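Work through the exercises below with the sequence and the model side by side. Each task is followed by a solution in steps.

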Amino acid sequence: MGRERQVTQMRTEAAQRVELVFSLFDANADGVVESDDFDLMTDRVLEAAVASDDDAKAAIRDAFRRYWTTLATELDADDDGVITVAEFRPFVLDPERFGPTVTEFAEALSVLGDPDGDGLIERPLFVSLMRAIGFEEANIHALFDAFDPDADDRITVATWAAGIEDYYAPHLAGIPGDCLVAIPAA
Ligand SMILES: [Ca+2]
Ligand SMILES: [Ca+2]
Ligand SMILES: [Ca+2]
């Protein structure tokens with residue numbers, strides 16, 4: 001009952017962000033998101049996270065697994081073991097319900113950008129991690145720039161984590177995360 005009241009109107013930009021993340025999570029490109037996609041995505045991201053310690057690697061594994069488990073248990077409306085884009089949309093429309101999954105993912109992913117633990121993320125590693133997820137390089141650079149890097153071209157872990165959470169917010173538009181969809185990659 002309360003659940004329906006939590007559902008927010010989705011902005012056009014948010015819908016585009018959802019569709020992009022869905023297409024990237026479909027790592028094997030068969031049109032639906034399933035368990036295998038998350039295995040592929042996890043392996044690709046871990047390959048990019050060479051300098052991270054075992055705790056950080058375990059955290060991103062757990063976060064991806066929780067992400068998939070949440071989709072499979074909460075959103076597989078026809079119970080066929082795969083998630084269609086239509087089934088995926090509520091993930092973003094209902095932040096109350098799915099926020100904790102997004103938060104865990106945001107924290108685990110952003111920490112991978114900071115293997116030396118100083119709280120700062122250099123651009124090359126940011127680009128590698130985002131390429132591993134599947135975003136286009138031009139869009140990744142635009143996003144990093146939108147995060148307002150310091151004079152040494154670094155952003156904070158907290159900035160990236162917050163940016164990931166905002167990416168999933170249905171009511172937000174004109175945010176850095178829109179760079180990932182707004183600039184057509186060459
Ligand atoms: Ca797939
Ligand atoms: Ca399904
Ligand atoms: Ca660092």
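## Exercise 1: Two residues with positive phi

D148 sits in the loop that joins α9 to β2 (154-156). Helices (H or I, at least four residues) and strands (E, at least two) are DSSP runs, numbered from the N terminus. The model is predicted, so local features need pLDDT of at least 70 and side-chain atom pairs count only at pLDDT 80 or more, while totals for chains, interfaces and linings use all residues. Residues are numbered from 1 along each chain as its sequence is written, and chains are lettered from A and ligands numbered from 1 in the order in which they are written.

Task: State what phi D148 has, and decide whether D148 is buried, partly exposed or exposed.

Solution.
- Step 1. D148 has a phi near 60°, which is a positive value in a residue other than glycine.
- Step 2. Apply the burial rule: a residue is buried if 20 or more other C-beta atoms lie within 10 Å of its own, exposed if 12 or fewer, and partly exposed in between, with C-beta atoms placed from the backbone.
- Step 3. D148 has 10 C-beta neighbours inside 10 Å, so D148 counts as exposed.

Task: Repeat the analysis for D153.

Solution.
- Step 1. D153 is also placed in the loop between α9 and β2.
- Step 2. Phi of D153 is near 60°, positive in a residue other than glycine.
- Step 3. The neighbour count for D153 is 14 inside 10 Å, so D153 counts as partly exposed.

## Exercise 2: The overall fold

Task: Describe the secondary structure of the protein and the extent of its C-alpha atoms.

Solution.
- Step 1. The secondary structure consists of eleven helices and two strands.
- Step 2. Along the sequence the pattern reads α-α-α-α-α-α-α-β-α-α-β-α-α.
- Step 3. Taken along the principal axes, the C-alpha atoms fill a box of roughly 50 × 35 × 35 Å.
- Step 4. The radius of gyration is taken over C-alpha atoms, and the globule rule is 2.2 Å times the number of residues to the power 0.38. For 186 residues a compact globule would have a radius near 16 Å, and the protein agrees because its value is 16 Å.
- Step 5. Of the 186 residues, 31% count as buried.
- Step 6. Two residues are in contact if their C-beta atoms, placed from the backbone, lie within 7 Å. Among contacts with a separation of 6 or more, 71% are between residues 24 or more positions apart.

## Exercise 3: Helix α8 against helix α9

Task: At what angle do the axes of α8 and α9 cross, and which residues make the contact?

Solution.
- Step 1. Axes are lines fitted to C-alpha atoms, for helices over the stretch in contact, and angles run from 0 to 180 degrees between N-to-C directions.
- Step 2. The axes of α8 (residues 123-133) and α9 (residues 137-146) come within 10 Å and cross at roughly 135°.
- Step 3. This angle makes α8 oblique to α9. Angles under 35 degrees count as roughly parallel, over 145 as roughly antiparallel, 65 to 115 as roughly perpendicular and the rest as oblique.
- Step 4. The crossing of α8 and α9 is right-handed; a crossing is left-handed if the near helix is turned anticlockwise from the far one by less than a right angle, and right-handed if clockwise.
- Step 5. On α8 the contact uses R123, F126, V127, M130 and R131, and on α9 it uses E137, I140 and F144.
- Step 6. These residues divide into five nonpolar, no polar and three charged. Ala, Val, Leu, Ile, Met, Phe, Trp, Tyr, Cys and Pro count as nonpolar, Asp, Glu, Lys and Arg as charged, and the others, Gly among them, as polar.

Task: Is M130 of α8 buried or exposed, and which residues does M130 contact?

Solution.
- Step 1. M130 has 24 C-beta neighbours inside 10 Å, so M130 counts as buried.
- Step 2. Leaving aside neighbours within four places in sequence, M130 is in contact with F135 and I140.

## Exercise 4: Helix α3 against helix α4

Task: Describe how α3 and α4 cross.

Solution.
- Step 1. The axes of α3 (residues 35-48) and α4 (residues 54-75) come within 10 Å, crossing at roughly 160°.
- Step 2. This makes α3 roughly antiparallel to α4.
- Step 3. Their crossing is right-handed.
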